[in-house]
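I am opening a notebook page on this chain and will put down what I looked up, entry by entry.

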Amino acid sequence: MGVRMSGRMRASRAWHGALFAIVLAALVTQVVLVVQGGTDVNAAEGAGDADLQERLIRLFSYFTIQSNMLVLAASGLLAANPKRDGRAWRVLRLDALLGIVITGIVFALILAPLVHPVGVAWWVNAAFHYISPVAFLLGWLVFGPRGQADGRTAWLAFLWPVAWIAYTFWRGRETGWFPYPFLDAAELGWTRAVLNTAGVLLAALLLAALAQLVDRLLKPASAPARR
């Protein structure tokens with residue numbers, strides 16, 4: 001058992017270390033692309049006449065980028081210690097899981113036809129929207145650690161997406177820029193934009209409930225007490 005667990009920990013470290021490297025490389029490359037020419041794989045349209053400061057603010061305002069930053073942090077911490085635990089850690093990891101899964105689903109269903117990256121931007125897009133969601137979800141399913149997606153953690157994890165929604169609509173009202181077409185209140189109207197957001201938030205709540213269920217089902221049974 002000890003040898004098997006040791007091998008499992010090594011595999012978890014290798015998996016999450018590789019994911020950390022991929023996401024870090026994609027994030028650094030994306031920042032360089034934005035600094036050099038405004039190319040942003042998250043944008044359905046070009047950056048237009050926005051200056052560098054505005055382009056960078058927009059970049060880090062994307063849910064996709066924030067989700068991948070959470071994956072970066074969680075993967076790095078798991079590569080260092082696959083058995084990590086603690087309330088703050090649980091919230092971080094569940095935020096990373098829910099955020100990146102929502103990112104992958106929304107991109108595949110809604111946004112993929114709107115972006116057409118080429119060259120190195122194609123690789124960055126693949127890392128953010130395909131590799132990161134699939135790899136982090138698989139890592140969570142295969143390696144655990146289990147028993148960390150409890151109810152209190154789930155509620156605390158929703159502080160970040162709710163804050164992101166509030167920030168997005170506030171900044172959109174102030175600047176007229178929204179990160180995604182389905183949130184564009186200037187184009188769709190506030191009622192439609194809020195309803196679209198509520199739909200995504202409801203999907204996230206369902207995913208959180210599913211994550212708790214799967215976490216309980218995959219949790220190893222306690223060893224029977226010796227008589």
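How much area does the protein chain expose, and what share of it do carbon and sulfur atoms supply? I read about 12000 Å² exposed, with carbon and sulfur atoms supplying 66% of it; accessible areas come from the Shrake-Rupley method with a 1.4 Å probe, and for residues only the protein chains shown count as cover.

Before going on, I note that this is a predicted model, in which local features need pLDDT of at least 70 and side-chain atom pairs count only at pLDDT 80 or more, while totals for chains, interfaces and linings use all residues. Residues are numbered from 1 along each chain as its sequence is written, and side-chain values use heavy atoms, with hydrogens and water left out.

Entry on the fold. I looked up the elements and found nine helices and zero strands in the protein chain; helices (H or I, at least four residues) and strands (E, at least two) are DSSP runs, numbered from the N terminus. Of the 227 residues, 44% count as buried, where buried means under 20% relative accessible area, exposed over 50%, and partly exposed in between (1.4 Å probe, protein chains only).

Entry on the core. I found 53 residues in the largest nonpolar core, and Phe136, Trp164 and Tyr180 are among those with the most contacts inside it. Such a core is a set of buried Ala, Val, Leu, Ile, Met, Phe, Trp, Tyr and Cys residues joined through side-chain atoms within 4.5 Å. Helix α4 (87–111) is one of the helices that each supply at least two residues of this core, and the largest share, 13 residues, comes from α4. Leaving out residues up to four places away in sequence, I see Tyr180 touching Tyr62, Phe63, Thr64, Leu111 and Trp164, a contact being heavy atoms within 4.5 Å.

Entry on Pro133. I placed this residue in helix α5 (residues 120–143), and Pro133 counts as buried because its relative accessibility is 7%. The C-alpha atoms of Pro133 and Thr103 are 7.3 Å apart, although 30 residues separate the two along the chain.

Entry on the surface. I found a nonpolar patch with about 840 Å² of accessible area together, whose members include Trp15, Val134 and Leu218. Patches of this kind join nonpolar side chains (Val, Leu, Ile, Met, Phe, Trp, Tyr) within 5 Å, from residues with over 30% relative accessible area and no salt bridge, that is, no side-chain nitrogen of Lys or Arg within 4 Å of a carboxyl oxygen of Asp or Glu. Five residues, the largest share of the patch, come from α5. Leu218 lies in helix α9 and is partly exposed, at 39% relative accessible area.

Technical notes:
Patch = residues over 30% accessible without salt bridge, like charges linked within 9 Å, V, L, I, M, F, W, Y side chains within 5 Å.
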